[in-house]
Every structure is written in C-alpha cells, then in structure tokens.
Amino acid sequence: MTAITAELVPENDVTYGRSPASHFVTDLWVLTKRSIARIRREPETLADVTFMPVIFILMFAYVFGGAIALPGSGSYHEYLIGGMLGMGLAQTAPGVAVALVTDMSTGLMDRFRSLPMSRWAVLGARSIAELLTQIIGTVVVVAVGLAIGWRVHTGPAEVAEAFALALLFGYAFTWVGVCLGMVLRSPEAAQQTGFIIFLPLTFISSAFVPIQGMPGWLQTDRDLEPDVRAGHRVPGAVRQPEPAAAVDAWPMQHPELAVVCWSVAMLLVFAPLAVRQFRRKVLG
C-alpha cells in the first residue's frame, strides 16, 4: 500500500510529510497570493479604499466643512482626516462580506473542500489580503490629507502608534465582515446589509462632527462608546484638534486603550463566530 501511494504522489508534492502548522502557513500564503492576484486582475475592487475616501474627504472638507463648527478652535480639515481614516478602514468590512458570499455562491468553497488543504486558511487569507488593501487605503487618506492641509504634530513613534492602532481596528472590523459573509446568502444582500449597518454607525460617531453638537440621546452612551466611535479616536498625531478630549468619558480620556479594547473584543467575538459558520456551511 505504501509503495502504491509513493507512486501516485509526486516527489515535489507539498501536501504530504508536513506538520499541521506548516500546512496551515503554506496554504495561508498561497490563498493570500490568490486574493492579491485577483486585485491585480480587477483593480476596480480597490475603489472602496481609493476613490471613496477621496470623494468623502473632498466633499466634507469643501462642501460641508464650512458649516461645521469645532468647539474651541482648529482646522476642520485636520479634524476630518482622523475620522476618515477610521471610516475608510471600517467600510472595507462590507466588501469582504460580498467577496466571501460570491465565493460561496460560485462553488469556489466546494472546490477548496475537495483539495488537500488547511480549511481554516481560507478565512485567514481573506483577512490578511483585506489588511493589505487597508494599508493602501491608509496611504490614500494620508496623501489626500496632506494635500488639503493636514499636518503631523508629533514624532515618528506617535505616528507609527496611531497607524498601528488604526490598522488593528480595521483588521478587527474585517472579521465582522467575514462573519457577515458567512451568514448571508447573496452578494446583493451582503452589500445592502453592510450599507445599512456600517454607514449609520459612521455618521453617529465623531468621524465628521464633534459629539458635543449631537442631541443628548445620542450622547447618553458615550461612557460605553460603540466600536466605530472608539475607532476614530486615534492619537493626536493623526487627529488635531480633538474636541472629544474634553468630554468626561473613559473612552475619550483613554482613546488608545479604548481602540485596543474594542478591537480585541471584536476579534474574540466575530472571529470564532465566522470560523463556526464556515465549518457549518462549508465543511458540513
């Protein structure tokens, strides 16, 4: 039996004689490259992290910005960039949900199931590829921000911390989109549901306007900030001025820790849920 198996399996076959960890890492790398290659073939899939941030930044900076007054003083253009960074990262979640539902509906997951590959690398590779697109989106937001007048007011270490926190927040939100993609059954439903859930959360956050100007019933939960609002509270290296710093609420007084807590909480909740749904729907 062993001799027959040796004849049927090529010598360079990488699915045999490997540890589970090596198997997972190799498959994760292969599937991540597949997602990146798809982006290279279809660059229009990057519209949500390239064109959309530019449109929103220019629209709010030059159309609505003149009607928005910041408590105290400061440039609304500089205030806007921190919020746009958080919004751009969070808004990638609907895109990953649509992509996963599309893969499910086209039978790609069934093909993966028939191959000798790590089952869990599929979702992991999708999240890593999405993180790479978020990095592209961050570069776009920074470039447009510099063009409209945003400037860095701290040192390189604080800037690196700010962007690391923002990407952590975006990666956590990616798993929200992955979980959504495992639950819904059509790309259209995923797109509409993502729009219904994520867009209102963005506009009731402090991304575009200070929360001090919101009605009282929208400020009642500021001691338990929702994740989107906390996600916009990156350090002052990204957002200057920051009127929310004067709000007597724990997330506003400890923004960095709030972002970490919300990000870890989302990862602990939505990543296991997504894996469970994947196992139920794909692996049976």
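This report walks through a predicted model of one protein chain, from its overall make-up down to a single residue.

## The chain as a whole

Let's start with the big picture. The protein chain has 13 helices and zero strands. Read from the N terminus, the order of elements is simply α-α-α-α-α-α-α-α-α-α-α-α-α.

How much of the chain is buried? Of its 284 residues, 46% are buried. The accessible surface adds up to about 14,200 Å², and carbon and sulfur atoms account for 66% of that surface. The chain also brings together residues from far along the sequence: among contacts with a separation of 6 or more, 81% are between residues 24 or more positions apart.

## Two nonpolar cores

Now for the inside. The largest nonpolar core has 26 residues, and the ones touching the most other members are Ile57, Tyr76, Leu80, Met84 and Phe208. Which elements give two or more residues to this core? They are helix H3 (51-64), helix H4 (76-90), H7 and helix H8 (156-183). H4 supplies the largest share, with eight residues.

Take a look at tyrosine 76, one of those well-connected members. Leaving out neighbours within four places in sequence, tyrosine 76 is in contact with Phe60, Gly65, Ile68, Leu70 and Phe208. Another core lies apart from this one. That other core has 20 residues, including Met117, Ala125, Trp175 and Ala271.

## How H4 meets H5

Here's a handy idea before we zoom in: a pair of packed helices is described by the angle between their axes and the distance between those axes. For H4 and helix H5 (residues 92-105), the angle is about 10 degrees and the axes are 4 Å apart. Angles under 35 degrees count as roughly parallel, so H4 and H5 are roughly parallel to each other.

Which residues do the meeting? On the H4 side they are Gly88, Leu89 and Ala90, and on the H5 side Thr92, Ala93 and Pro94. Sorted by class, this contact of H4 with H5 has four nonpolar residues, two polar ones and no charged ones.

## Zooming in on threonine 138

Finally, let's pick out one residue. Threonine 138 sits in helix H7, which covers residues 121-148. Is threonine 138 buried or exposed? Its relative accessible area is 9%, and the cut-off for buried is under 20%, so threonine 138 counts as buried.

What is threonine 138 in contact with, leaving aside its neighbours within four places in sequence? The list is Leu85, Leu89, Phe163 and Leu167. Leu89 may look familiar, as it is one of the H4 residues that meet H5.

Notes. Residues numbered from 1 in each chain as written. Predicted model: local features only at pLDDT ≥ 70, side-chain atom pairs only at ≥ 80, totals over all residues. Heavy atoms only, no water. Buried < 20%, exposed > 50% of the residue type's maximum accessible area, 1.4 Å probe, protein only. Contact = heavy atoms within 4.5 Å. Core = buried A, V, L, I, M, F, W, Y, C linked by side-chain atoms within 4.5 Å. Areas by Shrake-Rupley, 256 points an atom, 1.4 Å probe, with all protein chains shown as cover. Axes fitted to C-alpha atoms, helices over the stretch in contact; angles between N-to-C directions. Parallel < 35°, antiparallel > 145°, perpendicular 65-115°, else oblique. Nonpolar A, V, L, I, M, F, W, Y, C, P; charged D, E, K, R; others polar.
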